[in-house]
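Reader: I'm new to this one. Could you walk me through how to read a few of its features?

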Amino acid sequence: MVKRLWPFLVASAVSLIPFTVFGMYLVPIAAAADGNVAEIGGLRGLGGLAALVVGFSVAPLIDRLAREVVAAGGLALLGISALLGAIGNVFALAAFCLLIGASTSILAPSIGAAAADRFGTPAAAGRAATLVSATTSAMAMLAAPLLAVPGIVWGWRGNLIAAAVVSLVLSAAFFWRGRGRTAPLRAGGAPRMSYLATYRELGRIPGAVPLLIIAMLRTAAFMGYLAYLAAFYDQRFDLEPGWFALVWSLSGGSFFLGNLLSGRFLAVERPWIGPERMLLVGLGVALVSVSAFYFSPTIPLTLLLTALMGASHATVAACVTTLLVRRSGELRGSALSVNAAGMSLGTFLGAALGGLGLGLGGYPGTALTFAVITLVAVLCALRVRR
């Protein structure tokens, strides 16, 4: 499967590099832009807003063009955004964040749908899509150490320019590969649906609405938890940044393995537990983990809960992707686009609601906030039938 999908896996990995550079080198980037870290770092919110707006806006269009052509457009935007980021002033960085959000909201669903289209059976199609998402989660864990060495040689601007070159080369390759191709045909040669009809059809897919809500809520709970993870370990266990890097690797590694292995398991013909039930189990483990995490008295137990959080949320993500791909059929590109936009919204909702809970009730308030969000996702999972 990797042999057949490697171009999409490479594109998935490259999509994370520009924002990773922005996060890694935020202090020197802020200094170059004559701003403070909080102001420049806050520009990342523009990326989330752009991903939300563009993701919902272009969702019905993704299934109307050849997947490779759509992916080429996303990679071109990614390359242009990296070049703008290398300029380094405030306006260029704002445009960088906006275009990064827009490009990833186009690129992620198009390559996920393209990977799924390469295989005929629903199980293999779902596995292909989860393999793309597993690659993304692996790159999220590995990007920082991989970029550190070249960053020593040519700095953050060099990393962004290199990312731009790779993105634009990939864009040209995807466009060349997709030229002359058409979008996947509808079953029975039926005519293409209108823009609004696509959303109506998405709403009629069994379980699609609760699955999309689960994806948004799961992302809100997990990304909100990650937003305050370093602060919690510092306050509770006085963990220095160097040691916390190992905690972050534990979280990222458990998420990657959970996503990879659960996606592989769901691809077998007759798994002993179906994706609907695994979805419920994963959310149940996530609910117990986040409820206990902020009250854990020892660091070994806290580390165990950190790993469980990563693995359980990765399992839920794999189940949602698998079910959407299997049930959406020819609309899988649109479904994955709406899913990505919802997760972008969840990322910022989670950080905001977690901060509200922390401000009002300390870490117990944060625990209650994320537990309630996860509980609502559990209730939605009960509505996802086989």
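Author: Sure, let's begin on the surface. Ile80, Leu83, Ile161, Val165, Leu168 and Val169 make up a nonpolar patch there, with about 490 Å² of accessible area together. Accessible areas come from the Shrake-Rupley method with a 1.4 Å probe, and for residues only the protein chains shown count as cover. A patch takes residues with over 30% relative accessible area and no salt bridge; nonpolar side chains (Val, Leu, Ile, Met, Phe, Trp, Tyr) are joined within 5 Å, like charges within 9 Å. A salt bridge is a side-chain nitrogen of Lys or Arg within 4 Å of a carboxyl oxygen of Asp or Glu.

This is a predicted model: local features need pLDDT of at least 70, side-chain atom pairs count only at pLDDT 80 or more, and totals for chains, interfaces and linings use all residues. Residues are numbered from 1 along each chain as its sequence is written, and side-chain values use heavy atoms, leaving out hydrogens and water.

Reader: Which helix gives the largest share of the nonpolar patch?

Author: Helices are DSSP runs (H or I, at least four residues), numbered from the N terminus. Here helix 8 gives four residues, the largest share. Val169, in helix 8, is exposed at 55% relative accessibility; exposed means over 50%, buried under 20%, partly exposed in between (1.4 Å probe, protein chains only).

Reader: And which residues of helix 11 are buried?

Author: An α-helix has 3.6 residues a turn, so residues three or four places apart point the same way. In helix 11 (residues 229–237), Leu229, Phe232 and Tyr233 are buried. They line one face, because they fall within an arc of 95° seen down the axis, taking directions from the helix axis to the C-beta atoms.

Conventions
Helix = DSSP H or I, 4+ residues; strand = E, 2+ residues; numbered from the N terminus.
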